[in-house]
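Me: I should like to learn how to read surface patches, chain contacts and helix patterns in a structural model. Could we take these topics in turn?

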Amino acid sequence: MIAVLTIFLLCLCVITALGVVRAGNLFTAVMLMGIYSLLMAAVFLLLDAPDVALTEAAVGAGISTVLLLSALSLTAEEEHAGGIEPVLAAAVVLITAAIIFYATFDKPPLGDPDAPVHRHVAADYVPMTQEQVDIPNVVTAVLATFRGYDTLGEVVVVLTAAIGVLFLIGPDAPQGRHAPSGNLAEGGLKHHQPLRIVGKIAIPFIILFALYVQFHGEYSPGGGFQAGALLAAAIILYGLLEGRHAAASVIHPAVLRTMAAGGALLFGGVGVTTMLLGGRFLEYNVLRDDPIDAQHLGILVIEAGVGVTVAGVLILIYHAFAARGRP
Amino acid sequence: MIFAGAIAAIAVTMLLALVRALAGPSVYDRVLAVNMFGTKTVLLLAAFAFVADRGDYLDLALAYALINFIGVLAVLEFFRQRRWGHVPQVADGSDMQPTPHANDRTEGDDSRASSP
Amino acid sequence: MSWLDWVSAILGCLGGFFVLVGGIGALRMPDLYTRMHASSLTDTLGSMLILGALMLQGGASLETLKLCAIAIFLLFTSPVSAYALGNAAWLSGHRPLEWDPEREQDVAP
């Protein structure tokens with residue numbers, strides 16, 4: 001039954017994707033993207049990937065809609081048609097699709113234990129998680145310990161994205177002909193009393209949930225990425241309700257910039273510390289006498305670094321869009 | 001598998017909501033469809049957590065229940081900005097109370113209401 | 001199956017029925033406001049019945065506590081979303097259809 005449900009949801013995904021492509025109105029496209037995100041989160045969960053699904057939920061449920069609508073308020077609402085040679089484009093797409101379809105014939109069936117992905121490193125990671133790290137969530141162990149370099153790289157990529165956005169549309173970017181004026185979240189929904197009351201009830205619980213996801217990530221789905229996105233969602237919700245300046249007074253953009261860089265620095269700093277203590281880069285075992293204890297400490301610190309960076313980056317991007325005037 | 005019926009009903013309702021989102025006709029119908037879709041996803045995830053017997057999957061449904069309405073607030077704010085024509089706003093925002101009498105049909109919303 | 005399982009199954013099926021009815025209503029109703037009315041049915045009654053059915057399965061456990069939290073937040077946020085949506089639609093000039101006795105059908109005012 002689960003397979004049938006998964007296929008049904010994937011079919012809905014395809015329909016939604018076609019709808020996004022066909023929609024000439026960009027607002028419609030943003031709304032359909034919201035549905036697509038919800039569908040993907042459900043599919044990820046059905047395929048037993050709760051950590052990925054939680055990331056999709058934390059980012060897709062609120063933040064991506066807010067950011068896409070912010071971007072939309074800076075531009076026109078209707079897509080400009082033309083500029084693409086339809087025959088050539090169709091030919092390229094059809095040939096690529098044919099190759100991809102052909103490639104799928106070589107794929108092992110879903111869940112096949114003999115598939116290469118299950119025989120290569122995964123076969124080592126699962127028992128090693130029990131022996132060397134001793135936490136129930138294998139994903140956290142892989143992400144933080146076995147693949148620590150990759151995760152550090154991802155955090156730096158996130159930070160780089162924020163730097164890029166700030167250079168392009170940040171408060172210090174050249175304004176050009178864009179005069180600053182009212183924009184999404186500039187004034188806030190102050191006169192909507194029901195929204196303010198319920199929103200302010202929800203914000204503490206979102207932050208509490210973010211902390212739970214952050215510090216319980218070794219035992220249940222979640223970790224720094226998801227927690228950072230949830231914390232950012234709470235602050236962005238406050239910004240929507242009370243205006244951008246109120247959100248900026250909660251966490252000042254200068255603090256946000258420090259958070260974005262500081263989290264990545266904390267992550268890298270753990271690596272340097274382990275080197276100074278005589279280990280290799282990000283080899284947590286040297287942090288404490290007991291290797292398992294040391295692994296737990298290392299994971300806790302680097303997850304905190306990830307969470308701080310992600311939260312800082314997402315709120316910074318929100319501020320950058322919200323402060324931007326309309327041409 | 002005592003929730004098979006409920007899960008099937010939720011899945012079919014998702015399809016119906018998707019049809020409403022694709023059909024429109026107005027932008028608000030699409031927002032309504034997305035909102036419905038969000039609630040259905042929460043229910044589907046919660047029911048699936050019990051089918052799979054994984055209590056920690058409920059965290060996901062909880063996350064959606066907590067933050068799914070942020071998107072609708074962003075939509076409201078987006079249309080409010082469009083209505084007010086992006087004029088610079090006063091700091092306290094106290095005079096931004098829109099009145100129902102101020103609305104009319106010439107502000108361009110109806111042009112958005114019909115989409116191909 | 002114990003009697004609790006039966007109650008849970010009945011609640012689940014009832015919830016699924018109301019969710020489905022709300023979905024059909026959201027698709028078939030003539031204008032935005034009646035569609036919102038239909039979808040609110042799935043948001044409240046359907047959700048609560050299904051979550052109630054799940055709670056009976058969960059028993060006295062952390063799962064039930066989480067389900068309670070989900071139910072409470074849905075009860076808070078669904079009406080608020082509906083308010084935000086209705087407000088945005090009304091302010092932009094959307095009006096409900098009205099009954100026209102001469103033409104004997106619903107027309108835009």
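Me: Which element gives the largest share of the nonpolar patch?

Reply: The model is a predicted one. In it, α9(A) provides the largest share of the nonpolar patch, namely four residues.

Me: Which residues make the nonpolar surface patch?

Reply: A patch of this kind joins nonpolar side chains that lie within 5 Å, taken from residues with over 30% relative accessible area and no salt bridge. Here I197(A), I201(A), F205(A) and L208(A) are joined by I72(C) and F76(C), and the patch covers about 530 Å². Two elements give two or more residues to it: α9 (193-215) of chain A and α3 (62-91) of chain C.

Me: Why does F205(A) count as partly exposed?

Reply: The class depends on relative accessible area, with buried under 20%, exposed over 50% and partly exposed in between. F205(A) has 39% relative accessibility and therefore counts as partly exposed. This residue is found in helix α9 of chain A.

Me: Let us turn to the interface. How many residues does the contact take from chain A and from chain B?

Reply: Chain A contributes 65 residues to the contact, and chain B contributes 55 residues. About 5300 Å² is buried between chain A and chain B, with 78% of that area given by carbon and sulfur atoms. Within chain A, the residues that lose the most area to chain B are L38(A), L45(A) and H191(A), which together account for 12% of what that side buries.

Me: How many salt bridges and polar contacts does one find between chain A and chain B?

Reply: For salt bridges, the rule finds zero across the interface of chain A and chain B. For polar contacts, the count is three residue pairs, with both residues at pLDDT 80 or more. On the side of chain A that touches chain B, at least two residues each are supplied by α1 (2-22), α2 (26-46), α3 (50-72), α9 and α10 (224-242).

Me: What pattern does chain B follow along the sequence?

Reply: The pattern of chain B is α-α-α-α-α, with five helices and zero strands. Among contacts in chain B with a separation of 6 or more, 48% come from residues 24 or more positions apart.

Me: What share of the residues of chain B count as buried, and what area does chain B expose?

Reply: Of its 116 residues, 66% count as buried. Chain B exposes about 3700 Å², and carbon and sulfur atoms supply 60% of that area.

Note on methods:
Residues are numbered from 1 along each chain as its sequence is written. Chains are lettered from A and ligands numbered from 1 in the order in which they are written. This is a predicted model: local features need pLDDT of at least 70, side-chain atom pairs count only at pLDDT 80 or more; totals for chains, interfaces and linings use all residues. Side-chain values use heavy atoms; hydrogens and water are left out. Patches are made of residues with over 30% relative accessible area and no salt bridge: like charges are joined within 9 Å, nonpolar side chains (Val, Leu, Ile, Met, Phe, Trp, Tyr) within 5 Å. Accessible areas come from the Shrake-Rupley method with a 1.4 Å probe; for residues, only the protein chains shown count as cover. A salt bridge is a side-chain nitrogen of Lys or Arg within 4 Å of a carboxyl oxygen of Asp or Glu. Buried means under 20% relative accessible area, exposed over 50%, partly exposed in between (1.4 Å probe, protein chains only). Contact means heavy atoms within 4.5 Å. Buried area is the accessible area (1.4 Å probe) that two parts lose on being put together, summed over both. A polar contact is a pair of N or O atoms within 3.5 Å; within protein, one must be able to donate a hydrogen and the other to accept it, and residues adjacent in sequence count only if both atoms are side-chain atoms.
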